[in-house]
Number of protein chains: 2
Amino acid sequence: MPKLIECVPNFSEGRNRDIIDALIKEAGSVAGVLLLDTSSDPSHNRSVFTLAGEPEAVGEAAFRLCKAASEKIDLTMHSGEHPRMGATDVIPFIPVKDTNIAECVALSKQVAERVWNELGIPVFLYEESAAAEYRRNLAQVRKGEFEGMPEKLLLPEWAPDFGERKVHPTAGVTAVGARKFLVAFNINLGTSDIKIAKAIAKAVRGSSGGYKCCKAIGVILEDRNIAQVSINMVDYDTTPLYRVFEAVRFEAERWGAPIIGSEIIGLTPMKALINAAEYYLKIQRFDFKRQVFENHLLNL
Amino acid sequence: MPKLIECVPNFSEGRNRDIIDALIKEAGSVAGVLLLDTSSDPSHNRSVFTLAGEPEAVGEAAFRLCKAASEKIDLTMHSGEHPRMGATDVIPFIPVKDTNIAECVALSKQVAERVWNELGIPVFLYEESAAAEYRRNLAQVRKGEFEGMPEKLLLPEWAPDFGERKVHPTAGVTAVGARKFLVAFNINLGTSDIKIAKAIAKAVRGSSGGYKCCKAIGVILEDRNIAQVSINMVDYDTTPLYRVFEAVRFEAERWGAPIIGSEIIGLTPMKALINAAEYYLKIQRFDFKRQVFENHLLNL
């Protein structure tokens, strides 16, 4: 396995098994692309696929999936809890091994161009691929959703990056972009006071002066009556998990609240955790690529 | 990649490039076997190969290497700093993924039987494959080396596990066995007093009452004038690295000596470090196989 990227396309169908199975079949139609995971949520009426492989092959698979989704999913008939604007709602490309965000940005633009040229679906580029700062955030791009898109596309600042100012009648609009691997990391506190979790979240997240690559909110876990700092680490190499963990710990101390545990939601690259082991075990001169046994297996 | 084992055969040739290259070529002759690393030491006059792959294929490669070494290396002409008793001195099999030590023990016995039957080289089984406790330790098995083996094999307690009580005239005797992955982990102390390192090593190692799967000695790093606890973790799942690290820390506190750093020598499986991240970040309900991204790549 030489270069490796991940792609996590989101489709606006989480109920109809025939359509989901057809998409799964499509995902397997490109040699060298691995379908690592699929999850379908009926109440969101949305499915999320996790693909991995070499950039070109993953780009081809993402395009084919987008085409199949545009043929099978009719957004005029769609309802669900999750905001959405397209049959294929969003296609993020994520660098994993021996590649970088720039290559994923380039790939996202190639795929976006094909989606417009061959399928007639207008595309917004978002996150690292965004043409302007106000287009980076997916929530901003998607605001108005499918139903509001015809009007939104006519606004001066919301011309699509590829395509005309006119939604595809049934497949809507798609967002395509590149981003880093996101690690979902929640830290539980020995308190039921959500104010403490909110204050800590505010202290550690980048948007309010904390760590740049950390997003965080304070929530209550209703079933356990525990306050939690719910964190997205959007670049675990630039801002390592242990650094935010230690910051949560020392902020919590001020309130007399201990950290009682944490959890990783979903997948994490091994390096996000090995970074932490290096810190706590004080390991010096560690060569991640050469010294981690599995890296040799992945390289061969 | 389904089942995966590692094999680290040691050959008594570290100078003659033609012979080493012939062995490297032989290692590549079995489909599905990866040669991850080779290192040759002229002063030891010894080469160490690291192979990985499915058990059966790795067993075949180990046998072919042993055969090639017996044809090319003449121990009657051999000198070097490292103790040795055979052209192929030792063949350890190590479980890595979706297999266990029992399977490696079984494989070691199959390979040992072939080495005697097809090559006429007597074999001692050692480590987890050993038939008796006194045969586990390689240093004990090899004591006397090539030159002393004719006599040693005649001793009542040193009949080989496979073969007659008679060394191969040029290829000597080979040790074959199964063992766990060994992680070499050294911890540096903020003191130049070797007595402190020795006392701590004694406190943490299994042989003198410490952690069962930990071997440790105290040494001085001459160039830096620093005392070091030099550790071999022989089963990082049963005795995790962080536990020994914390034990070294609290033993060192008693002497007023801080831990100033550590190092991992050579390769480590990712899990040996991820275990530590789970501990220090207090991660709960972590599913290593499912949640570590790279495990999916290795499984496909």
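Let's start with a pair of strands in chain A: E6(A) and strand E7 (residues 174-178) run parallel to each other and are joined by 5 bridges. One matched position to look at is Leu125(A), which sits opposite Val176(A) in E7(A). Strand E6 (residues 123-127) is mostly covered, with 5 of its 5 residues buried. Keep in mind as you look around that this is a predicted model.

Now move along chain A to an open sheet of 4 strands, ordered E9-E10-E8-E11 and paired antiparallel. Strand E9 (214-221) and strand E11 (259-265) of chain A each have a single partner strand and stand at the edges, so one side of each has no neighbour in the sheet. From one strand to the next, the twist averages 20°. Zoom in on the E9 edge, and you'll find 8 bridges tying E9(A) to strand E10 (residues 226-233) of chain A, the two running antiparallel. Within this sheet, Cys214(A) faces Met233(A) in E10(A) as its opposite number. Helix H6 (residues 194-204) of chain A lies across strand E8 (183-189), E9 and E10 of chain A, and its direction is at about 175° to E9(A).

Next, the nonpolar interior. In soluble globular proteins, nonpolar side chains tend to be buried together. Here the largest nonpolar core has 179 residues, and the members touching the most others are Leu241(A) and Leu241(B). What is Leu241(B) in contact with, once its neighbours within four places in sequence are left aside? From its own chain come Val183(B), Phe185(B), Met233(B), Tyr236(B), Ala272(B), Asn275(B) and Ala276(B), while Leu281(A) reaches in from chain A.

That contact brings us to how the two chains are arranged. A turn of 180° with a shift of 0.0 Å along the axis lays chain A on chain B with an RMSD of 0.2 Å. The two copies are therefore related as by a two-fold rotation axis. To find that axis in chain A, go to Ala277(A), whose C-alpha is the nearest to it at 2.4 Å. Both copies use the same surface, as 100% of the contact residues of chain A recur in chain B.

Last stop, a helix in chain B. Helix H2 (residues 55-72) has 18 residues and reaches 26 Å from its first C-alpha to its last, close to the 26 Å expected at 1.5 Å a residue. Its buried residues include Val58(B), Ala62(B), Leu65(B) and Ala69(B), and also Gly59(B), Glu60(B) and Ser70(B).

Conventions
Residues numbered from 1 in each chain as written. Chains lettered and ligands numbered in written order. Predicted model: local features only at pLDDT ≥ 70, side-chain atom pairs only at ≥ 80, totals over all residues. Pairing = 2+ DSSP bridges. Axes fitted to C-alpha atoms, helices over the stretch in contact; angles between N-to-C directions. Contact = placed C-beta atoms within 7 Å. Core = buried A, V, L, I, M, F, W, Y, C linked by C-beta atoms within 7 Å. Buried ≥ 20, exposed ≤ 12 C-beta atoms within 10 Å, placed from the backbone. Least-squares fit on C-alpha atoms with pLDDT ≥ 70 in both. Expected span 1.5 Å × (residues − 1).
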